[in-house]
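Got the structure open? Here's a walk through how the strands and aromatic rings fit together, so keep the viewer handy and follow along.

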Amino acid sequence: MDLRSRRRAGIGLIEVVVVLGIIGVLAAAATPSVQDMLEQSRIKGFARDAANVFQIARSQAIRTGNNYIVFFGPPGTQDPAGTVLVDVEGTSVPLLILDDGAPSTANCHIDGGEGIEVLAAEIDVGWGVSDLSAVKVPADTGGATFTAPQSSGSTFSDTSNNPTNWVLFRPDGVPVGFSQNMTTCGTVGDIGSGGAALYLTNGKRDYAITLSPLGGVRVHAWVSGAWTQ
């Protein structure tokens with residue numbers, strides 16, 4: 001190889017090293033952005049899935065004529081009889097749909113043999129709000145008090161406005177609250193008692209899923225100091 005060829009080879013190697021260095025710098029700079037994008041995608045998707053849980057329960061109640069209940073909450077949350085919300089493998093789940101049967105026999109408890117659908121937990125997504133949003137979404141008509149960070153994750157309540165982790169869909173699709181009771185549904189509320197909201201956060205973005213008193217569902221995000229409508 002003559003001197004000219006060696007110089008060309010040397011220049012080519014230097015160019016490759018420089019290009020690889022630039023790619024490395026760009027990749028390192030892009031990594032936080034990619035991670036943030038994935039985090040936001042996860043919580044947005046989970047919020048939509050949570051909204052679907054309400055819609056599924058409502059449509060199933062109308063279709064079957066049965067009472068359907070949605071239970072929700074942090075790990076360890078229980079139904080009125082003390083049964084923890086878990087899947088068939090015993091893993092804690094954040095939302096659970098219960099087919100509680102005909103209104104005449106429903107007891108608002110998770111009994112063996114009753115149909116259950118669950119929504120699995122999502123990494124980095126928790127209940128409540130971050131210190132970014134200190135007010136509840138305007139569409140939230142829940143009776144329970146809202147106080148950031150709202151670690152319970154909801155404003156659902158019973159007929160006395162005590163916080164609960166459930167809502168019942170009647171056969172007509174209307175969501176109502178009910179009081180805690182070890183053997184029955186206790187006192188079941190009238191139309192208007194089931195409207196409230198769920199709150200989700202990953203520490204960077206907050207979401208609210210509102211359930212209207214008549215069963216409509218909507219997803220809201222905290223953006224630029226306000227809830228989207």
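In this predicted model, strands S5 and S6 (residues 175-176) pair antiparallel over 2 bridges. If you click on Leu-168, you'll find its bridge partner in S6 is Val-176. The hairpin that S5 and S6 make has 5 residues between the strands, and Gly-173 there takes a positive phi near 85 degrees.

Now look at S5 from its other neighbour. Strand S1 (residues 68-72) joins S5 through 4 bridges, again running antiparallel. Leu-168 turns up here too, with Ile-69 standing opposite.

What covers strand S5, one face or both? Both faces of S5 (residues 166-169) are covered. Trp-166 and Leu-168 sit on one side, Val-167 and Phe-169 on the other, and all of them are buried. As a bit of background, side chains in a regular strand alternate between the two faces of the sheet.

Moving outward from S1 on its other flank, 5 bridges join S1 to strand S2 (residues 95-99), and these two are antiparallel as well. Phe-71 stands opposite Leu-96 in S2. Put together, 5 strands form an open sheet in the order S3-S2-S1-S5-S6, with antiparallel pairing. The edges are strand S3 (116-119) and S6, each of which pairs on one side only.

**The aromatic rings**

The structure holds 8 aromatic pairs. Two of them are worth pulling up on screen, and here they are side by side:

| Pair | Centre to centre | Angle between planes | Geometry |
|---|---|---|---|
| Phe-54 and Phe-169 | 6.4 Å | 50 degrees | tilted |
| Phe-72 and Phe-156 | 5.0 Å | 50 degrees | tilted |

Take the Phe-54 and Phe-169 pair. Phe-54 lies in helix H1 (residues 3-64) and Phe-169 in strand S5, so this pair ties together parts that are 115 residues apart in sequence. Phe-54 is buried, with a relative accessible area of 0%. Phe-169 is buried too, at a relative accessible area of 0%.

What about the Phe-72 and Phe-156 pair: which parts of the chain does it tie together? Phe-72 belongs to strand S1, while Phe-156 is in the loop between strand S4 (126-127) and S5, so the parts being tied together are 84 residues apart in sequence. Both Phe-72 and Phe-156 are buried. Ring pairs then link Phe-54, Phe-72, Phe-156 and Phe-169 into a cluster.

**The other sheet and a histidine**

There's another sheet to find. In this one, 5 strands form an open sheet in the order S4-S7-S8-S9-S10, and the pairing is antiparallel. Its edge strands are S4 and strand S10 (226-227), each pairing on one side only. At the S10 end, S9 and S10 pair in the antiparallel sense over 2 bridges. Trp-222 stands opposite Trp-227 in S10, an easy spot to pick out if you display the side chains.

While you're there, have a look at His-220, which is found in strand S9 (residues 217-223). Is His-220 buried or exposed? His-220 is buried, because its relative accessible area is 2% and the cut-off for buried is under 20%. A polar atom of the His-220 side chain lies 2.7 Å from the backbone oxygen of Thr-228. Leaving aside neighbours within four places in sequence, His-220 is in contact with a string of residues, including Val-137, Ala-139, Asp-206, Tyr-207 and Ala-208. Thr-210, Trp-227, Thr-228 and Gln-229 are also among the contacts of His-220.

**Zooming out**

Time to step back and take in the whole chain. The secondary structure comes to 1 helix and 10 strands. Reading along the sequence, the pattern is α-β-β-β-β-β-β-β-β-β-β.

How much of the chain is buried? Of its 229 residues, 40% count as buried. On the outside, the protein chain exposes about 11600 Å², with carbon and sulfur atoms supplying 57% of that area. As for contacts, take those in the protein chain with a separation of 6 or more: residues 24 or more positions apart account for 59% of them. The Phe-54 and Phe-169 pair, with its parts 115 residues apart in sequence, is a handy example to keep on screen.

How values were computed
Residues are numbered from 1 along each chain as its sequence is written. This is a predicted model: local features need pLDDT of at least 70, side-chain atom pairs count only at pLDDT 80 or more; totals for chains, interfaces and linings use all residues. Side-chain values use heavy atoms; hydrogens and water are left out. Buried means under 20% relative accessible area, exposed over 50%, partly exposed in between (1.4 Å probe, protein chains only). Two strands pair if DSSP finds at least two bridges between them. Rings of Phe, Tyr and Trp (its six-membered ring) pair if their centres lie within 6.5 Å; planes under 30 degrees apart count as stacked, over 60 as edge-to-face and the rest as tilted. A polar contact is a pair of N or O atoms within 3.5 Å; within protein, one must be able to donate a hydrogen and the other to accept it, and residues adjacent in sequence count only if both atoms are side-chain atoms. Contact means heavy atoms within 4.5 Å. Accessible areas come from the Shrake-Rupley method with a 1.4 Å probe; for residues, only the protein chains shown count as cover.
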